[in-house]
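Thanks, everyone. I will go through some helix packing, and after that the pocket and the cavity. Here is the model.

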Amino acid sequence: MRSRPFIMLLLAVLVLGLAGPMAVAQDTQTLTVSIWGFNLDVLEENVFAPFEEMHNVDIVLDTGNNSDRLARLQAEGENTDIDVAHFATQFTYLASQEGLLQPYNPDMLENLDEVYDWAQDPLGNQAGVGYTVNSLSLIYRSDLIEAEVTSWADLLRDDVAGFVSIPEMSTTFGPATLIMIDRALAMGELDEGEELEEINYDADMAWEALPQLADNLVTTYIRSSALTTLVQEEEVWVAPYASFAIGNLINTGHDLSAVIPEEGAVGQTNMISLTAATDKVELAHAYIDWFISHDVQLAEALDLIDSPVNATVELPEDICALLTCGEMLDTMIVLDQAQVSERLEDWLERWNEVMVR
């Protein structure tokens, strides 16, 4: 017969043996990510869920448009709980200028060397890594508009009046739309053989034409999902659109033609950055590295969400034709974000004077 002390010791060993794995198990971390609320179901499948499983982490999303999310960072400063921020380049620039971001460490990003040079450090200060490249072109209902749409100036045509939508000035591509309309109007006044090379960031001719454009609008849009709804409900026949929205626009089932205007398409990167306030530096770098990896970049491209910046990704021709890739990367117009940002406050006031009537 075993003695009581022996039995107690045996029970203690068994209890410790059972509790051991639980005792050493790591607590689940959280990573708070500021991002747009667009295509989240696909991002969950391609990006968030696999990363959570690999790193034993719960991703908490803070969603909204660029302006709203930047305003939150500005208001909260070093007290924010946001660890990683996704912004268009223009808003990354603003956040960086205000000290809201911290530089990334290239040595902590194994996949950085696979990224195109122009996306590795778009602002030149390691404020963030470009993880996708978007383009702004035009899309129109080819079954309802008889004359082909070929120019940014076609948004001013009488035959599309009442069926046009453009991005709000406060959005990523709001300033770009006005700048490209200005470019189209300026090119229309050139003599035969003349070429227009430089971008006019003051966009004087476009501002003069803005009241006419406003009369053609059914509405402006802030989110690409809103544009998709307007197209779906046949309220919009022609509009500038960002390439990441092409999948949803195609799914409306309408006869849509996507066109690169003769004056060119605007290209810009979306960037991922570490906030200045985060202390989860290693985990944040792992998240960025995962987003720019070959597998994630390929999956996002095949789902028509993000155009890849990882140069090792090869896409079928039919997919590439719908995204910003291939020859388009060499021809797109990239705007100087410093030039845009220094005008933005004044432009927002001028915009509201015309649009709020």
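I start with two helices, α2 and α10, whose crossing is right-handed. Keep in mind throughout that this is a predicted model. Helix α10 covers residues 281-291, and its axis comes within 11 Å of that of α2, at a crossing angle of roughly 140°. That angle makes α2 oblique to α10; the roughly antiparallel class takes angles over 145 degrees.

Which residues of α2 and α10 make the contact? On the α2 side they are Leu43, Asn46, Val47, Phe48, Pro50, Phe51, Met54 and His55. On the α10 side they are Leu283, Ala286, Tyr287, Trp290 and Phe291. By class, that contact has eleven nonpolar residues, two polar ones and no charged ones.

Helix α2, residues 40-55, also packs on helix α11, residues 294-302. Here the axes come within 10 Å and cross at roughly 160°. α2 and α11 are therefore roughly antiparallel to each other. This crossing, too, is right-handed. From α2, the contact uses Val42, Leu43, Asn46 and Val47, and from α11 it uses Val296, Ala299 and Glu300. Five of the contact residues are nonpolar, one is polar and one is charged. Note that Leu43, Asn46 and Val47 of α2 appear in the contact with α10 and also in the contact with α11.

The next pair is α6 and α7. Helix α7 spans residues 204-216, and α6 packs against it at about 105°, with the axes 8 Å apart. The two are therefore roughly perpendicular to each other. α6 brings Leu178, Ile181, Asp182, Leu185 and Ala186 to the contact. α7 brings Asp204, Met205, Ala206, Trp207, Ala209, Leu210 and Leu213. Sorted by class, the contact of α6 with α7 holds ten nonpolar residues, no polar ones and two charged ones.

Now the open space. What is the volume of the largest pocket? It comes to about 520 Å³. The lining of this pocket is made of 31 residues, and those nearest its centre are Trp36, Phe38, Asn66, Ser224 and Phe244. Elements that each supply at least two lining residues are α3 (66-76), β5 (129-141), α8 (224-232), β8 (238-242) and β10. The pocket lining has 15 nonpolar, 14 polar and two charged residues.

Last, the enclosed space. How many cavities of 30 Å³ or more does the whole structure hold? The search finds one, with about 90 Å³ of space in it. Its lining residues are Ala88, Gln90, Thr172, Phe173, Pro175, Ala176, Val266, Gly267, Gln268, Leu335, Gln337 and Val340. Three elements, α6 (174-188), β10 (266-275) and α14 (337-355), give at least two residues each. β10 contributes the most, with three. Seven of the lining residues are nonpolar, five are polar and none is charged.

Two elements have now come up twice. α6 packs against α7 and also supplies part of the cavity lining. β10 supplies residues to the lining of the largest pocket as well as to that of the cavity.

Notes
Residues numbered from 1 in each chain as written. Predicted model: local features only at pLDDT ≥ 70, side-chain atom pairs only at ≥ 80, totals over all residues. Heavy atoms only, no water. 1 Å grid on protein atoms, 1.4 Å probe; cavity = no way out; pocket = protein on both sides within 12 Å on 5 of 7 lines; lining within 4 Å. Points joined across faces, edges and corners; volume = space filled by probe spheres on them. Helix = DSSP H or I, 4+ residues; strand = E, 2+ residues; numbered from the N terminus. Nonpolar A, V, L, I, M, F, W, Y, C, P; charged D, E, K, R; others polar. Axes fitted to C-alpha atoms, helices over the stretch in contact; angles between N-to-C directions. Parallel < 35°, antiparallel > 145°, perpendicular 65-115°, else oblique. Left-handed = near helix turned anticlockwise from the far one by under 90°. Contact = heavy atoms within 4.5 Å.
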